[in-house]
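Here is a structure to read alongside a few questions and answers. Please look it over before going on.

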Amino acid sequence: MGEILLIRHGETAWTASHRHTSYTDLELTPDGERQARALGVMLAGRRFVRVLASPRQRALRTAQLAGLDVDATDPDLAEWSYGEYEGRTTADIQEEHPQWNIWTDGCPGGESPSQVGERLDRVLARVTPLLDRGTVGLVGHGHSLRVLGARWIGLPPSAGARLRLDTATVSVLGHEHGRQVIQRWNQPAPPPPGTDPGPGVRH
């Protein structure tokens with residue numbers, strides 16, 4: 001039985017400043033491109049029966065720099081639609097709505113947690129039968145991949161709140177004794193030799 005590798009794209013200007021980014025089609029920053037190349041080292045030797053990516057250029061560029069051949073783009077792998085909150089930070093939103101929580105409230109003019117969950121359930125329904133043949137790669141975004149991880153282990157979309165996911169990381173979904181499990185989560189690529197990764201967190 002194969003695995004599902006979840007690959008979050010590298011840094012963009014908005015992920016670096018913690019701004020919600022869904023349909024805004026940003027490029028990777030130079031650091032994001034370096035992160036994506038480092039993922040290629042991490043993924044070297046992996047064979048995939050299928051690689052799907054979000055249609056956003058930050059996901060496709062990450063796949064390209066990581067050396068992945070994308071078989072198809074899948075709109076269901078796009079990031080959570082933030083609607084009126086696109087481009088805003090959580091701190092900014094909570095100045096107006098102190099109790100706002102994307103995992104329970106969703107976004108006005110965007111998607112609810114259940115709508116995002118339905119999308120990612122469709123992705124899982126399409127790729128799970130492929131695991132009899134080998135490993136599947138999914139290249140996407142922070143919130144949507146967190147929902148996908150939660151749904152894989154039978155939890156509601158809101159449980160993605162407990163699955164922090166940084167930029168340019170790999171997570172692995174698989175099986176243990178016939179049960180669907182998370183084998184590894186939020187694993188960053190090692191920094192290039194001679195570089196200092198610094199104390200910061202990759203958002």
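**Helix 2, the cores and two backbone angles**

Q: How many residues does helix 2 have, and what distance does helix 2 reach from its first C-alpha to its last?
A: In this predicted model, helix 2 runs over residues 30–43. At 1.5 Å a residue a span of 20 Å is expected, and the model comes close to that. Helix 2 has 14 residues and reaches 20 Å from its first C-alpha to its last.

Q: What covers the buried residues of helix 2?
A: The buried residues of helix 2 are Gly32, Gln35, Ala36, Ala38, Leu39, Gly40 and Leu43. What covers these residues includes strand 1, helix 3 (57–65) and strand 5 (169–176).

Q: Which helix gives the most to the largest nonpolar core?
A: The largest nonpolar core has 27 residues, and those with the most contacts inside it are Ile4, Leu77, Trp80, Leu138 and Leu148. At least two residues of this core come from each of strand 1 (4–8), helix 5 (102–105), helix 6 (113–127), strand 4 (135–140) and helix 7 (142–152). The element that gives the most, with five residues, is helix 6.

Q: Is Asn186, which has a positive phi, buried or exposed?
A: Most residues other than glycine have a negative phi. Asn186 is not a glycine, yet its phi is positive, at about 60 degrees, and this residue lies in strand 6 (residues 179–188). Because its relative accessible area is 18%, under the 20% cut-off, Asn186 counts as buried.

Note on methods:
Residues are numbered from 1 along each chain as its sequence is written. This is a predicted model: local features need pLDDT of at least 70, side-chain atom pairs count only at pLDDT 80 or more; totals for chains, interfaces and linings use all residues. Side-chain values use heavy atoms; hydrogens and water are left out. A nonpolar core is a set of buried Ala, Val, Leu, Ile, Met, Phe, Trp, Tyr and Cys residues joined through side-chain atoms within 4.5 Å. Buried means under 20% relative accessible area, exposed over 50%, partly exposed in between (1.4 Å probe, protein chains only). Helices (H or I, at least four residues) and strands (E, at least two) are DSSP runs, numbered from the N terminus. The expected span of a helix is 1.5 Å times one less than its number of residues. Contact means heavy atoms within 4.5 Å.
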